[in-house]
Amino acid sequence: MKFSEAWLREWVDPPVTTQELADQLSMAGLEVDSVTPVAASFSGVVVGEVLEKAPHPDADKLSVCQVSIDGDEPLQIVCGARNVATGMRVPVATVGARLPGDFKIKKAKLRGVQSWGMICSASELGLAESSDGIMSLPLDAPLGKDFRNYLTLEDQAIDVDLTPDRGDCLGLMGIAREVGVINRCSVKAENVDPVATSIDDRVEVDLEADEACPRYLCRVVRGVDVNAETPLWMQERLRRSDIRSLGPVVDVTNYVLLELGQPMHGFDLDKIEQKIRVRMAKQGEKLILIGGQEVELDGDTLVIADQEQPLALAGIMGGESSAVGETTKDILLESAFFSPRAISGKARCYGLHTDSSHRFERGVDPYLQSKAMERATALLLEIAGGQPGPVVEAVNQELIEQRPVINLRSNRVNKVLGVEIDRAEVLDILTRLVMEVEESSEGWRVRAPSCRFDIAIEEDLIEEIGRIYGYARIPTHRGAFSMEMRERREADFDLNRAKQLLVGRDYQEVVTYSFVSPEIEAMVDPEQTGIRLANPISADMSVMRTSLWPGLLQTARYNQSRQQARVRIFESGLRFIRDAGEILQQNVLSGLVSGERTQEQWGDSAANVDFYDIKSDMEALLSLCDSPDQFQFSAGTHPALHPGQCAVIQYENEQIGYLGMLHPELERQLDLAGSTYLFEIDLEKIKTGSLPAFESLSKFPSIRRDIALVVDESVTFESIRNMIRETSGKIIKDIRLFDVYTGKNVDSGRKSVALGLILQEKSHTLTDQEVDEVIQRVLHRLSDELDAKLRD
C-alpha cells in the first residue's frame, strides 16, 4: 500500500516528522518499506500562461510562444510540443532553473530565435516516465506560483508492506485510523452523504452464488462524459500511489480503492444484456479480459455475468466486452463484498494479480460497499457529470459473518504482555480502534469492527493492546541461561568465506528442500538408493536427497521458465547416504551455472558458459584451502554428467567431488534450455583452510622465458606443470599457459602447448647461463617422460 503523506495528513495530522511517522507505523506492525520523495528535485519552475503561439520562421516543428508568468512583460519561449496552445496554463522553467538530472536552463537561440526558458512536460519534471507533450494545468492555476508549491511536491510517498491479516489497512482510511490510535489524536470523520437520484433507471441483480458474494450493489449513471479530464489533484494522488490516470471512470474507482479500501468496477451499461447475475462460471466458459487476455474458466470461479455471457472475473478483473470505452455514455457502477474464500488463489490460477484481488483475498469490510458507492458517484458526477439512478442492493445478511464477542480479562492482558496497563488506557485503545466495548467483572466484552477479520480470540485483542501501547514501553526481562564458548581454529576451512567468494563471482545462494521426488533423484544419482520417508509431505517430496543437484536443477528450470536464462546458483547443506544400514549426513557445497557468461553489455560479445568457466570458479574456491596445489582434476564419469565433460576432484589422492556438464539426455528430460554445468564437493574432506603468511619480496628482477611444446593430446597441463616444478625447484615462480593449438604443422594426435615461465631468485640477479641450465633440465625431463618436443 503506497500513499502520499500529505493526503494522509488530511485525514489525521499528528505532531510528528515523516521519519517518526514511518517508525510508528513499523513498530505498530505496518512495516514501512520505503519513504521516497514524490517528485525529483528541481527549482525555478513556475506556473505560466501561453498568450500567443506563432510558427517558427525556420523550423516547421517549432513554435514561438509568448508566455506570461507574472502579468508583466511576457517571455519569448521556443517550444517543440505539438499540443501547446494559446490560453494554456503550463509549467515554465525560467532562465536559471534546474531540472531533474541537474539540467540547467539557460537563455538560448533555437534556429536563430531567442528563447528565455522552457515549457515543460511531465517527464521533463520527473513526474512521468514519458509524455506526449507539455503538461497542461487547470485554467485557475495561479500565474507565477512556484510549481512545487502549487502541486505540493514537497511530499513523501510512504510504501507500507502489510501482512496478509491486515486487509483493513489497504485503504487510506485504515492507515489514518491506525495513526490516530498510535498518536491518540482525532481522525477526519468518515461520513459520506448519499447522492440524490435524478433518474429511476436500475439494473436487476440475481445473487445466484450468495455464499461467495453475500452483498452486491450497483447503480446506473447516465450521460457520463468519459472523455472529461480527471482533475490534476486526483491524478497526482493516484500517481503518488503508482497508479496511472486512465480516464474519469477508472480514476474514480481507483481513487475510492485507495481512499476507502473498497475495489469497484464500472461497466458500459449498453453492453449489459437485461440484468446482472452473480454466479459461478460454467466449466470451460471463456472470457476475454481487459487487455485482451482470454481465459478458460473453471467451475469454481465466481463471475459477474449478464443474461448472455460472463462480464468479469468477480473481484479480480473486468471483461473487455463490457469495458468503458471512448464512446460510452451510460455506465453501471459495481460495489460488492466477495468472500475471501471465494477469491483466494483464483487470480493466480489465471496468471493474474490485481489491486482488487489483493484486497478481496485479504478481506474487505462487508459493510463498506454503500459508502464506497456514494463516494464514487459523487466524485464521478463532479468530474464527468451524469444522472445517477438509485442504488440496487442484493444481499443475504445471514451469510455475512458477524465478528464474535470476545471476553478480555484484564489480568490476562497483564500476564501475556508482562506489564500492567491501566484499565482506562486499555479502554481508550480499544475504543479508538473502533471496537464495541462493554465492561465486565473480569475486564471487558469486546466486538471487533467488521473490517477486522484478524481478531477472533482473546490473544488477538491483547496483541492489539500491546502494539498500540508500544513494544518499546514493555520492559525487557532476560532469562538466566548458560552459554558454552566453543573453540574455533583459525586454520579451519571457512564456509562463509567460500560463500562470499562465490557471491563475488556472481552466484546467488539458494536454499532448497532436503526432500525431492524419487524420479528426479533416480535420474541424477541412480547409483544411490534414496531414503524414503514414512510420512512424506507429498509424492514429489518423498525421498531424502543424496545430492544437492536435484534442488539446483529444479531451481534452474523454475527460473528459465520465467525468462531468466542466465542462472548462477549455489547451495550448502546436507545430503543423506545410506551406508551399511546407517544413514550418513554429509555436508556438501554444490553449484550450477547456465546461460551467458556475463550479463548483457556493450563492451563484450555474448558467449555461453563452458566447462572451463565453472572449473575456474572451482579452482578459486579451492584456493581457500590449505595446499591448493594438492587438488587434482582428472577425467571421470558420473551418471548425471556428460561423458566427455566430467572431472573428478581429488585431494591427496582421495575423491572429494565432481565437476562437469549435465548429461544432454537428462537436460532434455528436465526441459532445461542450453548447457548446464554443475559441481559438488564434500566439505568434510577439506576441513583445513589457508592462513595468510608473509613472504618477503625479491629485490631482484624476474625473467620470463616462453616455450612451445608439442605433446600428445592426452597429456594434461597439470602433469606438465607438476613436472616443471619438480625439476626446477623454487627458481620458477609461475607457469602460465597462454596458448593451446592443434592443426596445421602439428601432427595428428598431438597438440602445441605454449607456456610462459617466470624465473626469479631472492639472493641475486639471475644470469642467462642459470636460466638456460634450468630450462634445459626442464626440457630434458619433459622429453624423456612425456615425449615433449620444442615446436619449431
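Here are four short exercises, each with a worked solution, on a model that is predicted.

**Exercise 1. A three-stranded sheet**

Work out the order of the strands in the open sheet of three strands, and find which are the edge strands.

*Solution.* Start with the pairings. Strand E1 (residues 2-4) pairs with strand E11 (residues 156-161) in the antiparallel sense over three bridges. Ser-4 stands opposite Ala-157 there. Next, strand E2 (residues 31-37) also pairs with E11, again antiparallel, over six bridges. In that pairing Val-35 faces Ile-158, and Val-32 stands opposite Val-160. Put together, the order is E1-E11-E2. E1 and E2 each pair on one side only, and they are the edge strands. Neighbouring strands are turned by 25 degrees against each other on average, direction ignored. To finish the picture, add helix H2 (residues 18-27), which packs on the sheet and touches E1, E2 and E11. The direction of H2 makes about 160 degrees with that of E2.

**Exercise 2. Two faces of a strand**

Sort the side chains of strand E23 (residues 405-409) by the face they point to.

*Solution.* Begin with the general pattern: in a regular strand, side chains alternate between the two faces of the sheet. Now apply this to E23. Ile-406 and Leu-408 point to one face and are buried. Val-405, Asn-407 and Arg-409 point to the other face and are not buried. For the partner, look at strand E25 (residues 443-447), which pairs with E23 in the antiparallel sense over five bridges. Arg-409 stands opposite Gly-443 of E25.

**Exercise 3. One serine**

Decide whether Ser-68 is buried or exposed, and list its contacts beyond its neighbours within four places in sequence.

*Solution.* First locate the residue: Ser-68 belongs to strand E4 (residues 59-68). Its relative accessibility is 5%. Buried means under 20%, so Ser-68 counts as buried. Leaving aside neighbours within four places in sequence, Ser-68 is in contact with Val-47, Gly-48, Glu-49, Leu-51, Pro-74 and Leu-143.

**Exercise 4. A helix pair**

Describe how helix H11 (residues 410-417) packs with helix H13 (residues 458-469).

*Solution.* Two values describe a packed pair: the angle between the axes and the distance between the axes. Here the angle is about 65 degrees, and the axes lie 10 Å apart. Then add the handedness: H11 passes H13 in a right-handed crossing. H11 contributes Arg-412, Val-413, Val-416 and Leu-417 to the contact. From H13 come Glu-458, Glu-459, Ile-462, Ile-465 and Gly-466. Lastly, sort these residues by type: five are nonpolar, one is polar and three are charged.

Definitions and conventions: Residues numbered from 1 in each chain as written. Predicted model: local features only at pLDDT ≥ 70, side-chain atom pairs only at ≥ 80, totals over all residues. Heavy atoms only, no water. Axes fitted to C-alpha atoms, helices over the stretch in contact; angles between N-to-C directions. Helix = DSSP H or I, 4+ residues; strand = E, 2+ residues; numbered from the N terminus. Left-handed = near helix turned anticlockwise from the far one by under 90°. Contact = heavy atoms within 4.5 Å. Nonpolar A, V, L, I, M, F, W, Y, C, P; charged D, E, K, R; others polar. Pairing = 2+ DSSP bridges. Buried < 20%, exposed > 50% of the residue type's maximum accessible area, 1.4 Å probe, protein only.
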